[in-house]
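Q: Please take a close look at a single part of this model for me, the metal site. I would also like to know how that part sits within the whole chain.

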Amino acid sequence: MVVKMVFESYGVEKYYESHVKSVNYLARVMKYREAQVEEAKLGFVAHTDKSFMSTIHQTNQVNGLEIKGKDGQWFGVELSPSSIVVMAGDAIMAWSNNRIKSPHHRVMMGEEKGARYSIAQFSFMEDSLMVETPKELVDEEHPLLFNSFNHLDYLKFFSKEENRRLECALKSYCGA
Ligand SMILES: O=C(O)CCC(=O)C(=O)O
Ligand SMILES: [Fe+2]
């Protein structure tokens, strides 16, 4: 639904049908233990998602998700039991020619409130297709910033130890 709105808002809804037909989904259930000592608060290291789009649903009342804002400051998100976070991944950042940014996020755990549970779903483009910026999103003011790429090959690139520490893996992988 959100992806459809994004396609419509950029006037490229004609690509939406073929897009939804060519994404696969991966779901992951997470349990984060409460921090045992002051230093051990990091539940999930800061990262950007490598997906096209992600959704995160926290299944209990223990918050911990933090997002890095444009100003570089981290802020925590308080999630109600019914809320679903929609997070842009690296692939939609490339697709949108950098209009939509994939934010850095992490999970920080406190010591008191007990374990945190969440379910995340990630969408990925099928192997036979490329993540490609629609030509409508490229013009003189917005030159093409990312070359088209195979999504699974990008995941393989990122899974290599030496590429995990890159400041922006996407730019290193397919920056134009
Ligand atoms: O559990 C969360 O809130 C975030 C999980 C996450 O960022 C991820 O799995 O990529
Ligand atoms: Fe994530």
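**The iron site and its surroundings**

A: Of the 176 residues in the protein chain, 41% count as buried, where buried means under 20% relative accessible area, exposed over 50% and partly exposed in between (1.4 Å probe, protein chains only). This is a predicted model, in which local features need pLDDT of at least 70 and side-chain atom pairs count only at pLDDT 80 or more, while totals for chains, interfaces and linings use all residues; side-chain values use heavy atoms, without hydrogens and water. Residues are numbered from 1 along each chain as its sequence is written, with chains lettered from A and ligands numbered from 1 in the order in which they are written.

Let's go straight to the metal. The iron ion (ligand 2) has His47 (NE2), Asp49 (OD) and His105 (NE2) as its protein donors, lying 2.1 Å from it. Donors here are N, O and S atoms within 2.8 Å of the metal (3.2 Å for Na, K and Ca), and water is not among the atoms, so sites may look incomplete. Along the chain, the donors of this iron ion follow the spacing H-x1-D-x55-H. Distant parts of the chain are linked in this way: Asp49 belongs to the loop between β2 (42-47) and β3 (53-58), whereas His105 is in strand β7 (residues 105-108), 56 residues apart. Helices (H or I, at least four residues) and strands (E, at least two) are DSSP runs numbered from the N terminus. Asp49 is buried, with a relative accessible area of 5%, and His105 is buried as well, at 3%.

Thr48 is a good next stop. It is found in the loop between β2 and β3 and counts as buried at 13% relative accessibility. Its side chain is joined to that of Asp90 by a polar contact of 3.0 Å; such a contact is a pair of N or O atoms within 3.5 Å, where within protein one must be able to donate a hydrogen and the other to accept it, and residues adjacent in sequence count only if both atoms are side-chain atoms. Leaving aside neighbours within four places in sequence, Thr48 is in contact (heavy atoms within 4.5 Å) with Asp90, Ser102, Pro103, His104 and the iron donor His105.

The loop between α3 and β7 holds Asn97 and Asn98. Most residues other than glycine have a negative phi. Asn97, however, has a positive phi of about 60°, and Asn98 has one near 75°. Asn97 counts as buried, at 5% relative accessibility.

How does this fit the whole? The protein chain comes to 6 helices and 10 strands. Its radius of gyration (over C-alpha atoms) is 17 Å, close to the 16 Å from the globule rule (2.2 Å times the number of residues to the power 0.38), so the chain is as compact as a globular protein of that length. Among contacts between residues at least 6 apart in sequence, 76% join residues at least 24 apart.

Finally, a word on confidence. The mean pLDDT, the predictor's confidence in each residue from 0 to 100, is 94 for the protein chain, and 99% of its residues reach 70 or more. Confidence is lowest in β2, at a mean of 92, and highest in helix α3 (residues 90-95), at 98. The model scores ipTM 0.98 and pTM 0.94.
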